[in-house]
Amino acid sequence: MTDLNNRRLDAAAFDAERGEVLQGWATGAGVCFADALRVQEALPVEKRFAVALAEADAQGHTLLQPRAGVALVREHVALLNGLSPYCDVLPTTIDAYTRHNRYAEAQEGIDRSRAAGTSLLNGFPAVNHGVEGCRRLVEALEKPVQVRHGTPDARLLAEITLAAGFSSFEGGGISYNIPYAKHVPLERSIRHWQYCDRLVGRFEEAGISINREPFGPLTGTLVPPFVSHVVAILEGLLALEQGVKCITLGYGQAGNVAQDIAALRSLRRLANHYFLNAGFTDYRLTTVFHQWMGGFPEDESQATAVICLGALVARQARATKIIVKTPHEASGVPTLEANQAGLKATRQMVNMISDQNRVDSPDIQMEIDVIEAEVHAVMREILRLGGGDVARGAVLAFAAGVMDVPFAPAKANLGKLTPVRDNHGAIRLFDVGNVPLPADVLAFHRDKIAERARAERRDPSFNMVVDDVRAISASKLVGRPA
Ligand code: 8ZB
């Protein structure tokens, strides 16, 4: 491994690197940190992401956020302003060329979209629009706006969007590599995200709070809660070290109500535990729940039911924010109307759950106990591998399969851990791979899977896993034999 470590980037080295980063595309020349601070300082309070999160957290509210992004500034403004009445905070989903730093192709997409009169990109190419284009966008909106993407090297994207008044930035060195890229070394993406976090740290030091949100759901496919929790905690620790203060940790809906509620409740507690243990006290932690990230039913009514189950769980567990899906999920980038439909269904469910008692059950407590035991076991080994350094520990852990994300494309991920649902649809481990879980936890997983196998009169096998991956889009939670 190179000289990667979890220490705050040196000021002179950061400034030198910044000079290179800003040369990545012509629009980089438009970035000036002093101007960026003025733009952020001038943002009215209702456009500040950190303020929206802090207020929601204090009042026990849950914010709704859609996904949206098109090629051109004017069209993107119209889209976001069409969504704004139905949500609390706004997104800007970045196109796939920009996520891979392919700005020349993004430019071609912009030019062709202009000629065609319709968006030919699957998101908003913020780097190409530059500080000036992004500022026009932020100024035309009435709510806080976040950059949402999937970029292993997001340094230039962060420079440009934060200089333009975006007040939240999604992603992380693990969560925007392992599920999104194939050949990017983990030490490289972690280092590039240390830069993004350090940039946010500089804003914080100047009195401007920028929200940071690691990408919780990872591959969105049968991810056991402990796997995404460990990534969230690692990326939280990496971000705090660089000076981030406002952090939102995410979790993607898995489908079993007790397990999902347990996952959200344990996430906050576990993160606070590791952050405080590492000596951090000056941070504000919130949570985000992602509605189902796996395959959706084609049918819009069925898709709406999936959306509503997520809304119920998120609100029961008091997530600070929900990322809302649309009834078009199975078919691609949603229309404005489909996006509004997802938000309206979610709002209705959130409102109906809001005044209700906190649901508690021995099942939820048991799931919390299991998740906590799993997270502690893996974190202990990561810290041991890294000699106390989580950046080194994370790289070594992925290489050894101590950390393993199911169904991830990255070469840096071993891919031996295999999940499967139990008889109640909770996610268990069919094959633990090299992840060092305690014997009693492994026995628990085995028993739960055996119970399902008996009910289905078949042996646990990879067929079960395949059936589970398809189940929700085929209208069930558990992939039972026909
Ligand atoms: C990892 C995120 C995947 C989700 C949605 C997909 C999926 C992607 C856009 C978008 C609205 C876009 N998504 N790009 N939604 N506008 N440009 O992100 O549908 O749900």
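**Exercise 1. A residue after the last listed helix**

Is I472 buried or exposed, and what is its relative accessible area? Place I472 and list its contacts.

*Solution.* This is a predicted model, where local features need pLDDT of at least 70, side-chain atom pairs count only at pLDDT 80 or more, and totals for chains, interfaces and linings use all residues. Residues are numbered from 1 along each chain as its sequence is written, and side-chain values use heavy atoms, with hydrogens and water left out.

- Step 1. I472 sits in the segment after α17 (462-471). Helices (H or I, at least four residues) and strands (E, at least two) are DSSP runs, numbered from the N terminus.
- Step 2. I472 has a relative accessible area of 11%, so it is buried. Buried means under 20% relative accessible area, exposed over 50%, partly exposed in between (1.4 Å probe, protein chains only).
- Step 3. Set aside neighbours within four places in sequence. I472 then contacts W292, G295, P297, V306, R421 and L477. Contact means heavy atoms within 4.5 Å.
- Step 4. Take G295 from that list. I472 and G295 are 177 residues apart in sequence, yet their C-alpha atoms are 6.7 Å apart.

**Exercise 2. The ligand site**

Find which residues surround the ligand. Then pick out polar contacts and state how much of the ligand the protein covers.

*Solution.*

- Step 1. The ligand is surrounded by R67, A68, G69, T93, N122, G123, Y180, M293, K325, E329, V333 and P334. A residue counts here if one of its heavy atoms lies within 4 Å of the ligand.
- Step 2. Start with the ligand nitrogen. One nitrogen atom of the ligand is 2.9 Å from a polar backbone atom of G69. A polar contact is a pair of N or O atoms within 3.5 Å; within protein, one must be able to donate a hydrogen and the other to accept it, and residues adjacent in sequence count only if both atoms are side-chain atoms.
- Step 3. Turn to ligand oxygen. A polar side-chain atom of K325 lies 2.7 Å from an oxygen atom of the ligand. The side chain of E329 has an N or O atom 2.6 Å from an oxygen atom of the ligand.
- Step 4. On its own, the ligand has 450 Å² of accessible area, and the protein covers 80% of this. Accessible areas come from the Shrake-Rupley method with a 1.4 Å probe.

**Exercise 3. N122, a ligand neighbour**

N122 is among the residues around the ligand. Describe its place, its exposure and its links within the protein.

*Solution.*

- Step 1. N122 lies in the loop between α6 and α7.
- Step 2. Its relative accessible area is 36%, so N122 is partly exposed.
- Step 3. Leave out residues up to four places away in sequence. N122 touches G69, I94, D95, A96, R99 and V333. Of these, G69 and V333 are also around the ligand.
- Step 4. A polar side-chain atom of N122 is 2.8 Å from the backbone nitrogen of A96.
- Step 5. N122 and D95 are 27 residues apart along the chain, with 4.9 Å between their C-alpha atoms.

**Exercise 4. Two positions in one helix**

Compare H229 and E241, both in α10.

*Solution.*

- Step 1. H229 is in helix α10, residues 225-241. E241 is in α10 too.
- Step 2. H229 has a relative accessible area of 0%, so H229 is buried. E241 is at 23%, so E241 counts as partly exposed.
- Step 3. Ignore residues up to four places away in sequence. H229 touches Y251, A263, S266, L267, L270, I371 and V375. E241 touches N6, R7, R8 and F280.

**Exercise 5. Positive phi outside glycine**

Locate N101 and S475, and give the phi and exposure of each.

*Solution.*

- Step 1. N101 is not a glycine, but its phi is positive, about 60°. N101 lies in the loop between α5 (96-99) and α6 (103-116). Its relative accessibility is 29%, so N101 counts as partly exposed.
- Step 2. S475 is not a glycine either, and its phi is about 85°. S475 lies in the segment after α17. Its relative accessible area is 47%, so S475 is partly exposed.
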